[in-house]
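Got a minute to walk through a model together? Here it comes.

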Amino acid sequence: MPEQDASAAAERPVFDATITPHRSLGQNGFRIVMTLVCLASIVSSIPFVVLGAWPVAGFFGLDVIALFIAFHVNFRHARAFERIVVTPLEVLLRKVSHHGREAVWRSNPAWTKLERQTDEDYGLLGLNLVSRGRSISVAGALSPGEREGFAEALGTALAKARRGPDYGAA
């Protein structure tokens, strides 16, 4: 039984975070915006149709279609995410693109360090996990301020993982 407890403690995550790209417009907002744009296009095209310039209404329709496609692409890109899990035995970074392609990076926390690229005007511009000559970018979807907080939490988790499992924790 003690071996099982030790194994469970060594596999218990010290840090587990999922990063997704920020999108300021949700599905309900999208419906409202598209409804308003469609109504505005219809109302704006009526005078042109009445005057006999009916092709203008088609161009208003093309604008609505172009806006719909732009939002559709934006929502597809929102499906991308990064998941970082740190345990005393492993650092696991799983990046999934908006196409569903997955890239997995694994490392031992004892050999993993956090590399920061900072700019005095803009803050933390880049964050990389580095281990044995391999480097991978993390938290690219975060703003410099958010990335700074994330780097602090991840650095603390890496230090805690290097110390080993906490056998007293439940």
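What follows is a short round of questions and answers.

This is a predicted model, where local features need pLDDT of at least 70, side-chain atom pairs count only at pLDDT 80 or more, and totals for chains, interfaces and linings use all residues. Residues are numbered from 1 along each chain as its sequence is written, and side-chain values use heavy atoms, with hydrogens and water left out.

Q: Which helix or strand gives the most residues to the largest nonpolar core?
A: A nonpolar core is a set of buried Ala, Val, Leu, Ile, Met, Phe, Trp, Tyr and Cys residues joined through side-chain atoms within 4.5 Å, and buried means under 20% relative accessible area (exposed is over 50%, partly exposed in between, 1.4 Å probe, protein chains only). The largest core here has 22 residues, with Ile 84 and Phe 150 among those touching the most other members. Strands E1, E2, E3 and E6 and helix H4 (144-163) each supply at least two; helices (H or I, at least four residues) and strands (E, at least two) are DSSP runs, numbered from the N terminus. The top giver, with six residues, is H4.

Q: Is Ala 103 buried, partly exposed or exposed?
A: Ala 103 sits in strand E4 (residues 102-107). Skipping neighbours within four places in sequence, Ala 103 is in contact (heavy atoms within 4.5 Å) with Leu 93, Arg 94 and Lys 95. Its relative accessible area is 40%, so Ala 103 is partly exposed.

Q: How does Phe 68 count, buried, partly exposed or exposed?
A: Look for Phe 68 in helix H3 (residues 55-77). Its relative accessibility is 41%, so Phe 68 counts as partly exposed.
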